[in-house]
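Please open the structure in your viewer and keep the selection panel at hand. The stops below run from the whole chain to single helices and side-chain pairs.

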Amino acid sequence: MSDEPSLKPAPSLVPALAPQPEPVPAPAPAPAKSSMGRAAALLSAATFLSRILGLVREQAFAALLGAGFYGDAFTIAFRLPNLLRDLFAEGALSAGFQPTFMQRLRQAGPQEAYRLANLVQTTLLVIVGALVLLGVIFAPELVARWGRGFAAIPGKSELTVELTRIMMPFLLLVSLASVVMGMLNAEERYFFPAVAPALFNLAAIAAGALLWFSGVRHSRSAAVGWAIATLCGGALQFLVQIPTLRRSGYRFRLRLDLRFRDPYLRQILAMMAPATVGLMATQVNVYISSEFASSENGAATWLYFAFRLLQLPIGMFGVAVGTVALTRFARSSADLAVSQDIPRPELTPVQTAEFDAALSQVRDTLRRGVRMVSFLTVPTSVGLFLLAEPIIAAIYQHGAFHRADTVATAAALRYYTLGLAAYAAVKVVAPVFYALRLPRVPVTASVLSVAASVVLNLSLHPHYGFRVLALSISVGALVNLAYLLSRFQARYGGLWQGDQLLALARIGVSSALMGFMVYLLDRGFWLVWGTPRASAGTLANVLDLALVIPGGGATYFGLCWLMGLEEIHSVMAQVRRRLRR
């Protein structure tokens with residue numbers, strides 16, 4: 001889709017939380033240089049590189065630590081600094097900071113926008129730094145709560161505490177990196193923020209290779225070395241983005257405002273405040289899930305590996321499309337965001353026209369985003385569900401990771417895939433509410449999704465074990481997405497048009513037929529191979545995937561082309577452009 005020009009908000013539609021500054025001669029932000037599909041494709045390619053390296057990293061993790069004592073200890077220890085990551089890194093901060101940064105860029109120019117960024121960075125250094133210090137001090141108490149079942153195994157809790165203390169500063173590093181990422185994305189520089197996680201993975205891979213060839217495997221030293229590599233990778237993820245930002249003219253300066261007098265800082269905090277409620281609900285879910293998982297030896301690692309594998313399509317498709325969509329939302333929603341409380345009859349004809357045009361842009365971006373992410377994730381969900389076992393075996397079944405671990409991880413992955421499309425779509429839909437300065441909507445959705453997950457965990461875990469912990473995440477994602485879409489439709493309407501519903505139906509039918517082809521190819525391969533899957537080695541699983549995945553992919557894309565889906569033509573156009581270069 002080609003971008004329409006950004007609308008200049010009318011004076012009466014200026015955000016209430018941030019007073020309109022005096023006009024300052026400043027260049028307008030650069031117009032979008034590519035369509036949503038093209039920008040998302042570039043971001044997906046960069047994310048794909050990072051995710052592939054991430055899979056290599058997880059292979060090293062599985063081989064070095066396995067599922068059990070050391071793998072579980074690292075998984076819970078790494079989960080603890082990630083508890084606040086949604087608030088200070090990948091969640092509300094990013095969604096609140098980027099639109100406000102873009103607003104300052106438009107209204108007052110880059111220097112004022114950079115001043116705001118410095119204020120946010122300094123605030124993070126103080127607040128998150130204090131949280132990191134508290135996490136280091138109270139690591140034993142945290143582990144006692146989140147990994148209660150570890151106490152039954154001598155030394156497991158103590159190792160988890162040590163690893164937690166090593167990795168707590170990771171929270172500060174990714175929080176700072178998220179602000180830099182938001183600044184670059186606001187300037188539509190998507191590539192380096194997407195590639196930055198690749199260095200995190202490379203650091204871990206290098207450390208894993210060093211530990212492996214040094215003979216340090218499945219031991220306390222291996223776990224500690226892996227934790228140190230994780231911290232170093234977080235530092236690289238932050239530092240690699242700085243040169244690109246410096247070329248734009250940005251320089252970091254300490255700017256402290258502990259009284260929060262700056263109106264734009266208050267605007268960001270006001271958008272983040274409701275997310276604290278959602279975070280508390282998420283912590284309840286994480287606490288319950290962690291406690292249940294710690295009661296089954298290996299369960300924490302099985303769930304970790306399965307969800308990490310699920311992050312590949314979520315990052316490539318959901319996060320990629322959502323990142324581009326957030327920039328579009330932030331640029332086209334200024335009029336909508338501030339006119340929520342203005343009765344429609346009180347708007348002037350010019351304001352009404354601007355309002356309607358902005359609403360049309362937001363609707364169009366949301367519809368295209370939902371279609372694009374569905375086009376990519378629905379067939380992926382089907383493929384992962386049917387091929388969970390050979391995928392897990394090919395990637396992880398090495399060293400300390402055994403056949404039984406493969407079967408258990410594949411079971412968890414299948415339950416996760418039930419909510420993959422919804423989980424990825426939330427990454428696209430939730431940003432629109434932050435851009436419209438309606439953060440209570442995604443927070444309420446998060447609370448409802450967590451409540452559904454907790455109810456499932458409490459009621460079904462005693463009967464079905466760790467599998468329910470994966471199923472509850474999928475159910476929560478479906479509840480989250482359903483609430484977000486219903487709220488947008490109720491408030492603004494125009495989301496479910498005939499062509500939108502028809503496109504989604506075609507995606508569903510194509511994915512189902514692709515799944516049937518995948519099933520036939522998979523069964524046929526093992527009949528020809530002559531060895532049961534349970535006793536097959538890595539080579540057989542790799543060959544199976546090499547046959548089935550291209551066959552399934554060709555089936556899906558061919559069906560989409562025959563049905564005339566707009567998204568397939570966009571993908572083919574991107575391929576043709578690449579081949580001409």
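Helices (H or I, at least four residues) and strands (E, at least two) are DSSP runs, numbered from the N terminus. This is a predicted model, in which local features need pLDDT of at least 70 and side-chain atom pairs count only at pLDDT 80 or more, whereas totals for chains, interfaces and linings use all residues. Residues are numbered from 1 along each chain as its sequence is written, and side-chain values use heavy atoms, with hydrogens and water left out.

**Whole chain**

Begin with a cartoon of the entire protein, which shows 23 helices and 0 strands. If you then colour by burial (buried means under 20% relative accessible area, exposed over 50%, partly exposed in between, with a 1.4 Å probe and protein chains only), 55% of the 581 residues count as buried. A surface view corresponds to an exposed area of about 23,800 Å², of which carbon and sulfur atoms supply 66%; such areas come from the Shrake-Rupley method with a 1.4 Å probe, and for residues only the protein chains shown count as cover. Contact here means heavy atoms within 4.5 Å, and among contacts between residues at least 6 apart in sequence, 86% join residues at least 24 apart.

**Helix α18**

Select residues 420-435, which form helix α18. The expected span of a helix is 1.5 Å times one less than its number of residues, so the 16 residues of α18 should span 22 Å, and the 24 Å between its end C-alpha atoms agrees with that. Centre on Val426, where α18 bends by about 30°; the bend at a residue is the angle between axes fitted to the seven residues ending there and the seven starting there. Switching back to the burial colours, you will find α18 mostly covered, with 13 of its 16 residues buried. Beyond the helix, pick Arg437, which follows α18 and has a positive phi, near 55°.

**From Arg367 to helix α21**

Next select Arg367 in helix α15 (residues 349-386), a residue that counts as buried at 12% relative accessibility. A distance label from its C-alpha to that of Val428 should read 9.9 Å, although Arg367 and Val428 are 61 residues apart in sequence. Leaving aside neighbours within four places in sequence, Arg367 is in contact with Gly494, Leu495, Gln497 and Gln500.

Gln500 is among the buried residues of α21, so extend the selection to the whole of that helix, residues 498-529. Its 32 residues should span 46 Å at 1.5 Å a residue, and the end C-alpha atoms are 47 Å apart, which agrees. Other buried positions to display along α21 include Ala503, Ile507, Met514, Val518, Phe525 and Trp526. Just after α21, Gly530 takes a positive phi of about 80°.

**Salt bridges**

Now show the charged side chains: the structure holds 8 salt bridges, each being a side-chain nitrogen of Lys or Arg within 4 Å of a carboxyl oxygen of Asp or Glu. One of them joins Lys156 and Asp72 at 3.1 Å, N to O. This pair links distant parts of the chain, with Lys156 in helix α7 (residues 156-167) and Asp72 in helix α2 (residues 69-82), 84 residues apart. Are these partners buried or exposed? Lys156 is buried at 1% relative accessible area, and Asp72 likewise counts as buried at 1%.

Move on to Arg403 and Glu389, whose salt bridge has an N to O distance of 2.4 Å. Arg403 lies in helix α17 (residues 403-417) and Glu389 in helix α16 (residues 388-396), 14 residues apart. Arg403 is partly exposed at 23%, whereas Glu389 counts as buried at 14%.

Finally, select Arg104, Glu112, Arg115 and Asp262 together, which salt bridges with shared partners join into one network. Within this group, Glu112 and Arg104 meet at 3.1 Å, N to O; Glu112 is partly exposed at 29%, while Arg104 is buried at 5%.

**Thr123 and the cysteines**

For a last pair of stops, select Thr123 in helix α5 (residues 110-137), which counts as buried at 11% relative accessibility and touches Phe260 and Leu265, not counting residues up to four places away in sequence. Then display the cysteines: a search of the whole structure finds 0 disulfides, a disulfide being a pair of cysteine sulfur atoms within 2.5 Å. Cys232 is partly exposed at 43%, whereas Cys560 is buried at 0%.
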